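Biologist: I would like to learn how to read a protein model. Could we go through one together, feature by feature?

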Amino acid sequence: MLGGATLGDEVLEHVADPAAIVAETARVLRPGGRAFASSPDAQRWVWDDYTHVRPFTLTGYRRLFTDAGLVLDRSGYESVMPGIGIVSGISPRRRRPPVLNALARLPIVQRNVWVLARRP
């Protein structure tokens with residue numbers, strides 16, 4: 001995507017200063033350029049990975065990007081339960097069925113938080 005950046009899935013929770021990374025991303029994006037990032041939600045299962053430095057809630061993740069001067073286009077939860085990718089791959093539109101998207105909002109489901117943000 002022209003003028004865009006992917007901070008990557010599962011990166012920001014591993015670094016000591018995620019705000020510095022997001023600020024640098026905002027700095028180098030062209031006006032109108034977009035950035036996408038996701039991270040595990042702040043749930044107990046996240047801490048089973050000893051490389052995680054910090055957890056994120058959806059509210060905290062949104063603030064991380066808005067504090068860097070980016071405008072949020074979309075944000076939400078994504079389920080990371082085993083088998084979700086298989087189900088999505090066999091669906092006719094290659095997307096998660098709406099019921100699985102709805103389940104991702106439940107705090108008992110293993111999930112990621114994600115944002116799609118742009119430089120104004």
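Biologist: Let me start with one residue: in which strand is Ser 38 found?

Modeller: Ser 38 is found in strand β2. Before we go on, please keep in mind that this is a predicted model, where local features need pLDDT of at least 70 and side-chain atom pairs count only at pLDDT 80 or more, while totals for chains, interfaces and linings use all residues. Residues are numbered from 1 along each chain as its sequence is written, and side-chain values use heavy atoms, with hydrogens and water left out.

Biologist: What counts as a helix or a strand, and how many helices and strands are there in the protein?

Modeller: Both are DSSP runs numbered from the N terminus: helices are H or I with at least four residues, strands are E with at least two. Here there are four helices and four strands. Along the sequence they follow the pattern β-α-β-α-β-α-α-β.

Biologist: How do I tell whether a residue such as Ser 38 is buried or exposed?

Modeller: We look at relative accessible area with a 1.4 Å probe and protein chains only: buried means under 20%, exposed over 50%, and partly exposed in between. Ser 38 has 1% relative accessibility, so it counts as buried. Of the 120 residues of the protein, 34% count as buried.

Biologist: Which residues are buried in helix α2?

Modeller: In α2, residues 58–66, the buried ones are Leu 58, Tyr 61, Leu 64 and Phe 65. Seen down the helix axis, they fall within an arc of 120 degrees, so they line one face of α2. That arc is taken from the directions from the helix axis to the C-beta atoms.

Biologist: Now the strands. What does it take for two strands to pair?

Modeller: DSSP has to find at least two bridges between them. Strand β2 (residues 34–40) is joined to β4 by seven bridges, and the two run antiparallel. Ala 35, for instance, stands opposite Ala 117 in β4. Strand β3 (residues 71–79) also runs antiparallel to β4, with eight bridges between them. There, Ser 75 has Val 115 of β4 as its bridge partner.

Biologist: How many of the residues of β4 are buried?

Modeller: Seven of its eight, so to speak a mostly covered strand by the cut-off we just used. One residue to look at in β4 is Asn 112. Asn 112 counts as buried because its relative accessibility is 4%.

Biologist: What is Asn 112 in contact with?

Modeller: Contact means heavy atoms within 4.5 Å. Leaving aside neighbours within four places in sequence, the partners of Asn 112 include Glu 10, Ser 38, Trp 45 and Tyr 77. In the whole protein, residues 24 or more positions apart account for 77% of the contacts with a separation of 6 or more. You can also see the chain coming back on itself in the pair Ser 38 and Val 115: they are 77 residues apart in sequence and 6.5 Å apart in space, C-alpha to C-alpha.

Biologist: And what is a salt bridge, and what is the count here?

Modeller: It is a side-chain nitrogen of Lys or Arg within 4 Å of a carboxyl oxygen of Asp or Glu. By this rule the count comes to three.

Biologist: Which residue forms a salt bridge with Arg 111?

Modeller: Asp 41 does, with the closest N and O atoms 2.6 Å apart. This pair links distant parts of the chain, Arg 111 in strand β4 and Asp 41 in the loop between β2 and α2, 70 residues apart. Arg 111 is buried, with a relative accessible area of 7%, and Asp 41 is buried at 4%.

Biologist: Where are the partners of the other two?

Modeller: Arg 118 forms a salt bridge with Asp 73, with 2.7 Å between the closest N and O atoms. Arg 118 lies in strand β4 and Asp 73 in strand β3, so this pair ties together parts 45 residues apart in sequence. Glu 24 forms a salt bridge with Arg 27, again with the closest N and O atoms 2.7 Å apart. Both Glu 24 and Arg 27 lie in helix α1 (residues 18–28), three residues apart, about one turn of the helix. Glu 24 counts as partly exposed at 38%, whereas Arg 27 is exposed at 56%.
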